[in-house]
Amino acid sequence: HVACRVVRALARLLTKTDLGGCEFCSTAWFEAVCDKAQEDLAAFAFLTEPELNCQASGAAGVLGVIRDSSLFVANVGDCRALVVNPDGSLGFSSSDHSLRDPVEVQRIEAAGGEVRECHGGSVRVFRKGKTFPGLGMSRSFGDMSVKDCGVTATPTVAGPIELQSGSKLLFASDGVFDVMSNEQTMELLQG
């Protein structure tokens with residue numbers, strides 16, 4: 001699976017505090033981590049596991065680093081990070097990369113991709129004038145067939161986010177957030 005390979009690469013890369021001369025936990029450092037994970041995935045699929053279809057398969061991701069009492073978060077795609085303060089209030093929520101976000105749509109269309117609404121109301125990325133691939137996210141690892149159409153593995157980075165003693169963190173995919181709101185998730189965490 002693409003996600004398994006990306007997780008392995010990210011776990012290895014997150015231990016490298018000096019990537020390309022970038023300051024640890026800076027936006028440039030997180031971008032370098034995600035770029036290297038994307039490169040690792042492409043090389044692995046091409047050289048080692050040709051049956052791993054990175055052309056039409058991908059993964060979203062959210063990663064974080066706690067440094068002293070501060071959290072730094074980077075997300076790619078429709079994964080999200082939540083920080084719930086000890087009093088139950090929302091301390092932080094990252095924003096999903098959605099094809100309903102005009103900024104994401106503009107970026108994809110400027111790169112030559114096409115964003116269309118499909119039957120059932122879903123929104124997808126296509127190669128301009130084509131009926132494929134129909135990717136349902138604007139950013140991902142893998143999905144090589146639409147990298148030249150604006151789909152990127154470049155993360156959105158947030159931080160430093162000051163953590164209070166007793167804060168709770170949740171890093172999850174759309175598998176959680178498609179069925180639960182931030183508020184429902186916060187209630188569950190406070191349980």
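The lining of the largest pocket, sorted by class, consists of 3 nonpolar, 5 polar and 6 charged residues, where Ala, Val, Leu, Ile, Met, Phe, Trp, Tyr, Cys and Pro count as nonpolar, Asp, Glu, Lys and Arg as charged, and the others, Gly among them, as polar. This is a predicted model, in which local features need pLDDT of at least 70 and side-chain atom pairs count only at pLDDT 80 or more, while totals for chains, interfaces and linings use all residues. Residues are numbered from 1 along each chain as its sequence is written, and side-chain values use heavy atoms, with hydrogens and water left out.

**The largest pocket**
- The largest pocket (on a 1 Å grid over the protein atoms alone, a pocket is an open set of points where a 1.4 Å probe fits, with protein on both sides within 12 Å along at least five of seven lines, and lining residues have an atom within 4 Å of a point) has a volume of about 250 Å³, a volume being the space filled by probe spheres set on the points, which are joined across faces, edges and corners.
- Its lining is made up of 14 residues, of which Asp78, Ser98, Leu99, Arg100 and Gly136 are the closest to the centre.

**The second largest pocket**
- The second largest pocket holds about 160 Å³ of space, and its lining has 10 nonpolar, 1 polar and no charged residues.

**Gln38**
- Gln38 is buried, with a relative accessible area of 13% (buried means under 20%, exposed over 50% and partly exposed in between, with a 1.4 Å probe and protein chains only).
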